Amino acid sequence: AVASEASWGSLRYLLAVPVPRARLLATKLLVALAYSALAILLLAGTALLAGTLSYGWEPLQAPVGGTLPPGEGVLRLLAMIGYISVTLLVVGSLAFLLSVSTDAPLGAVGGAVMIYIVSSILDQISALGGIRDFLPTHFNEGYLGLLSSPIQTDDVVRGSVSAVVYSTVLLSLAWWRF
């Protein structure tokens with residue numbers, strides 16, 4: 001969001017206007033979050049439409065066992081979309097921090113994705129023990145508890161709190177850096 005403006009040379013003109021830096025960053029962050037939310041909803045809506053056209057509006061066979069009525073399945077799908085969106089805030093916040101630290105937009109996005117992949121790999125190493133609980137990707141599959149009967153929300157709550165804490169720290173660092 002910020003690195004592309006810097007690489008195009010238009011950031012200095014934006015900063016020359018008497019607009020507070022915090023307002024500029026907040027606006028850029030809100031626009032990026034709105035585009036991301038739109039993309040996630042468009043992806044989920046298209047997948048739901050394609051699945052409904054291909055397989056019909058039948059009870060959902062949950063991957064963890066059991067079936068869910070279509071209406072309840074859609075509500076759980078919305079809950080999963082919300083949870084995944086919250087966990088992806090960490091990637092967006094990290095990319096935003098890297099974006100205010102570099103002039104290369106691809107470097108900011110690539111760096112955020114690379115760090116997220118490394119975190120996912122480290123989370124698979126059981127020898128790390130309790131350290132894995134503090135990785136930002138540790139609760140990524142917490143949404144699977146939303147498919148079970150009864151619903152299990154322990155990992156969803158832990159993952160959401162973890163993502164919000166990581167995002168708050170990363171965005172605070174971005175504001176401070178800028």
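Which residues are buried in α6? In α6 the buried residues are V156, G159, S162, A163, S167, L170, L171 and A174. Here a residue is called buried when its relative accessible area is under 20%, exposed when it is over 50%, and partly exposed in between, judged with a 1.4 Å probe and with protein chains only. The structure is a predicted model, in which local features need pLDDT of at least 70 and side-chain atom pairs count only at pLDDT 80 or more, while totals for chains, interfaces and linings use all residues. Residues are numbered from 1 along each chain as its sequence is written, and side-chain values use heavy atoms, with hydrogens and water left out.

The overall plan of the chain comes next. Six helices and two strands make up its elements, and from the N terminus their order is α-α-α-β-β-α-α-α. These elements are DSSP runs numbered from the N terminus, a helix being H or I over at least four residues and a strand being E over at least two. Of the 178 residues in the chain, 29% are buried. The chain exposes about 10,900 Å², and carbon and sulfur atoms supply 71% of that area; accessible areas come from the Shrake-Rupley method with a 1.4 Å probe, and for residues only the protein chains shown count as cover. Contact, meaning heavy atoms within 4.5 Å, can also be followed along the sequence. Among contacts between residues at least 6 apart in sequence, 61% join residues at least 24 apart.

Helix α3 covers residues 21-55. Its 35 residues reach 50 Å from the first C-alpha to the last, close to the 51 Å expected at 1.5 Å a residue; the expected span is 1.5 Å times one less than the number of residues in the helix. L24, L25, K28, L29 and A44 are the buried residues of α3. After α3 comes G56, which has a positive phi, near 90°.

Helix α6, the subject of the opening, comprises residues 154-177. The ends of α6 are 35 Å apart between C-alpha atoms, which agrees with the 34 Å that its 24 residues should span at 1.5 Å a residue. The cover over its buried residues includes α3 and α4. One of those buried residues is A163, with a relative accessibility of 4%. Leaving aside neighbours within four places in sequence, A163 is in contact with V86, T87 and V90. The C-alpha atoms of A163 and V86 are separated by 6.5 Å, although their positions lie 77 residues apart along the chain, counted as a separation in sequence.

Two salt bridges are counted in the model, a salt bridge being a side-chain nitrogen of Lys or Arg within 4 Å of a carboxyl oxygen of Asp or Glu. One of them is in α6, where the side chains of R158 and D155 meet at 3.1 Å, N to O. Because R158 and D155 are three residues apart in helix α6, about one helical turn separates them. R158 is partly exposed, with a relative accessible area of 45%, and D155 is also partly exposed, at 35%. An α-helix has 3.6 residues a turn, so residues three or four places apart point the same way.

The salt bridge between E72 and R76 has its closest N and O atoms 2.6 Å apart. E72 and R76 both lie in helix α4, four residues apart, about one turn of the helix. E72 is partly exposed at 33% relative accessibility, whereas R76 is buried, with a relative accessible area of 8%. Not counting residues up to four places away in sequence, R76 touches L68, L146, L147, S148, S149 and I151.

Helix α5 spans residues 105-123. Where in this helix is a residue buried, and where is one partly exposed? S119, which lies in α5, is buried at 6% relative accessibility. Apart from residues up to four places away in sequence, S119 touches L135, P136 and T137. V109, also placed in α5, is partly exposed at 47% relative accessibility. V109 helps to make a nonpolar surface patch of about 750 Å², together with V113, M114, I115, I117, V118, I121, L122 and I125. Patches are made of residues with over 30% relative accessible area and no salt bridge, with like charges joined within 9 Å and nonpolar side chains (Val, Leu, Ile, Met, Phe, Trp, Tyr) within 5 Å.
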